[in-house]
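User: I'm new to this structure and would like a close look at the part where charged side chains pair up, plus the hairpin. Could you walk me through it in plain words?

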Amino acid sequence: MQYITKNVYLQSIQVRRIMKITHLLMTALVAVAASAVCLADDRPIPVEQLPAAAKAFVKEHFPENPIVYAKIDIEMQKTEYEARLNDGSKVEFDEQGNWKEVDCHYKAVPTALVPKTIAEYVQAKFPDIAVTKIARKWYGYEVELLSDLDLRFDKEGAFIGFDD
């Protein structure tokens, strides 16, 4: 009988140790997650603080739609900018002011932004349907049509497939 009691006592000590270790690991996980959230900085900025290339891009491609709102998103490894135009369009830029994504919602994006091979493909396969969003991705481009169809193209503009 005494052996069983000693065995139960040892097991309860092991359970307590496991619970302490689990508690410490959970606390550390919460601390890491909280610090990651604190390091990300997403805040509005004056339009003047956008990179010069971003402001020039908007002036060139959206001359009738000035920037009404600008935002900076600072993360650990990168900084990104977002500009909202007075017609509701949204343009995202990288740290140097190069465009990453242009979303005109229900209007066509400026034709100069769509590479020729992509424009030809869209015109041939989906005539009379406008490109309303274009994004540069690591593999090439992602294009959204007015019909909510998402198409993917490689860097040369060759059709890869549809996006979910």
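Analyst: Let's start with the hairpin of β8 and β9: four residues sit between its strands, and G157 takes a positive phi near 95° there. Keep in mind that this is a predicted model. The two strands of the hairpin, β8 (residues 150–154) and β9 (residues 159–162), run antiparallel and are joined by three bridges. If you want one pairing to look for, take R152, whose bridge partner in β9 is G161.

Now for the charged pairs. How many salt bridges does a search of the whole structure find? The count comes to eleven. One of them links E82 with K71, with 3.6 Å between the closest N and O atoms. E82 belongs to strand β3 (residues 79–85) and K71 to strand β2 (residues 67–74), so this pair ties together parts that are eleven residues apart in sequence. Is E82 buried or exposed? E82 is buried, because its relative accessible area is 11%, and buried here means under 20%.

Stay in β3 and move to E80, which has two salt-bridge partners to look at. With K78, the closest N and O atoms are 3.4 Å apart. With K100, the closest N and O atoms are 2.3 Å apart. Since E80 lies in strand β3 and K100 in strand β5 (residues 99–103), the E80 and K100 pair ties together parts that are 20 residues apart in sequence. As for how covered these side chains are, E80 is buried, with a relative accessible area of 17%. K100 counts as partly exposed at 24% relative accessibility, and K78 also counts as partly exposed, at 40%.

There's a network to trace as well: salt bridges that share partners join D42, K71, E82 and R84 into one group. So the E82 and K71 pair from above belongs to that network, because both residues are on its list.

Last stop: E92, in strand β4 (residues 90–93). The side chain of E92 makes a polar contact of 3.3 Å with the side chain of K90. Leaving aside residues up to four places away in sequence, what does E92 touch? The neighbours are Y81, E82, N98, W99, K100 and E101. Two of those names should ring a bell: E82 is the salt-bridge partner of K71, and K100 is the salt-bridge partner of E80. That makes E92 a handy place to click when you want to find both of them, as E92 touches each one.

Terms used: Residues are numbered from 1 along each chain as its sequence is written. This is a predicted model: local features need pLDDT of at least 70, side-chain atom pairs count only at pLDDT 80 or more; totals for chains, interfaces and linings use all residues. Side-chain values use heavy atoms; hydrogens and water are left out. A polar contact is a pair of N or O atoms within 3.5 Å; within protein, one must be able to donate a hydrogen and the other to accept it, and residues adjacent in sequence count only if both atoms are side-chain atoms. Contact means heavy atoms within 4.5 Å. Two strands pair if DSSP finds at least two bridges between them. A salt bridge is a side-chain nitrogen of Lys or Arg within 4 Å of a carboxyl oxygen of Asp or Glu. Buried means under 20% relative accessible area, exposed over 50%, partly exposed in between (1.4 Å probe, protein chains only).
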